[in-house]
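Visitor: I would like to learn how to read the packing, the pockets and the charge pairs of a model. Could you take me through them one at a time?

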Amino acid sequence: MFWTTLLKTSAQTAAAAAAGTAATARGVDSTWYADLRTPALQPPPEVFPVVWTALYADLAVTSAAVLTELERRTCPGRHGHRDRSGVIRRPRPGDTPSAAVRRRRGYRTALTVNLALNAGWSWVFFGKQDTALATVVAAALTASSADLARRAGRARPLLGAALLPYAGWCGFATVLSGRIHRLNA
C-alpha cells in the first residue's frame with residue numbers, strides 16, 4: 001500500500017516540480033530577472049534546486065506515509081492494529097473509519113491545492129513577472145504548507161514535524177518575494 005501511494009505522491013510532486021522548473025528556467029535567463037534588485041537575504045542561485053529537491057522528496061514520502069496511515073485507519077479492527085515494529089496502535093477516541101476516510105480525502109485535496117500553488121508561484125513570478133501577485137501566491141502556499149503539516153500531524157505527530165521544513169521554506173519564500181516586490185515596485 002505505501003509503495004503504491006508513494007508512486008502516486010511522487011508523480012504528483014514531480015509534475016508540480018517540472019511545471020515550476022519550466023517557468024523558472026525561462027525566467028531566470030530573462031533580462032527582467034537580471035535587472036531585478038534582490039535583498040541581501042536571497043540565497044545564491046545554486047541553493048534553490050538543492051533545497052527544493054529535498055523538500056519535494058520530503059513532501060512525496062511524508063504524504064505517502066500520511067495517506068497510508070489514514071488508509072489503515074479506515075479498517076483498523078476492533079482492538080487496533082500492529083504497525084511494522086509490532087506495536088499495537090489503538091484508534092484514538094473519535095477516530096472512526098469514516099473520520100479517517102474524510103481526513104484522507106481532505107489531505108489528498110490539500111496536497112493537490114498545495115502543489116498547484118507551488119507550481120503557480122513560478123509562473124506568476126517568472127512568467128507574468130508580477131512580484132506583487134507572486135507574494136500573495138507565496139503567502140497562500142505558506143498557509144497551505146502549514147495546513148499540510150497540521151493534517152499530517154493529526155495522522156501521526158512525527159509526520160507533521162517532517163513537513164515543517166517545507167512550511168518554513170515557503171514562509172521564507174514569502175518574505176523573499178515581498179522584499180523583491182518592495183525593492184522593485
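**Reading the model**

Guide: Let us start with one residue: leaving aside residues up to four places away in sequence, Tyr166 touches Trp52, Leu55, Leu59, Asn114, Asn118, Leu141 and Ser145 (contact means heavy atoms within 4.5 Å). This is a predicted model, where local features need pLDDT of at least 70 and side-chain atom pairs count only at pLDDT 80 or more, while totals for chains, interfaces and linings use all residues. Residues are numbered from 1 along each chain as its sequence is written, and side-chain values use heavy atoms, with hydrogens and water left out.

Visitor: Which residues touch the most other members of the largest nonpolar core?

Guide: A nonpolar core is a set of buried Ala, Val, Leu, Ile, Met, Phe, Trp, Tyr and Cys residues joined through side-chain atoms within 4.5 Å. Buried means under 20% relative accessible area, exposed over 50%, and partly exposed in between (1.4 Å probe, protein chains only). Here the largest core has 24 residues, and Trp52, Leu59, Val66, Tyr107, Leu148, Leu163 and Tyr166 touch the most other members. H1, H3, H4, H5 and H7 each give two or more residues to this core (helices are DSSP runs of H or I, at least four residues, numbered from the N terminus). H3 provides the largest share, seven residues. A second, separate core of eleven residues includes Trp121, Val124, Phe126 and Ala138.

Visitor: And how do I read charge pairs?

Guide: Side chains of opposite charge can pair when their charged atoms come close. A salt bridge is a side-chain nitrogen of Lys or Arg within 4 Å of a carboxyl oxygen of Asp or Glu, and by this rule the count comes to six.

Visitor: Which residue does Arg72 meet in a salt bridge?

Guide: Its partner is Glu69, at 3.7 Å, N to O. Both lie in helix H3, three residues apart, about one turn of the helix. Arg72 counts as partly exposed because its relative accessibility is 33%, whereas Glu69, at 3%, counts as buried.

Visitor: What about Arg73: is this residue buried or exposed?

Guide: Arg73 is buried, as is Glu69, and their side chains meet in a salt bridge of 3.0 Å, N to O.

Visitor: Where do Arg151 and Asp147 lie?

Guide: Both are in helix H5, four residues apart, about one turn of the helix. Their side chains form a salt bridge at 2.8 Å, N to O. Arg151 is partly exposed at 27% relative accessible area, and Asp147 is partly exposed at 22%.
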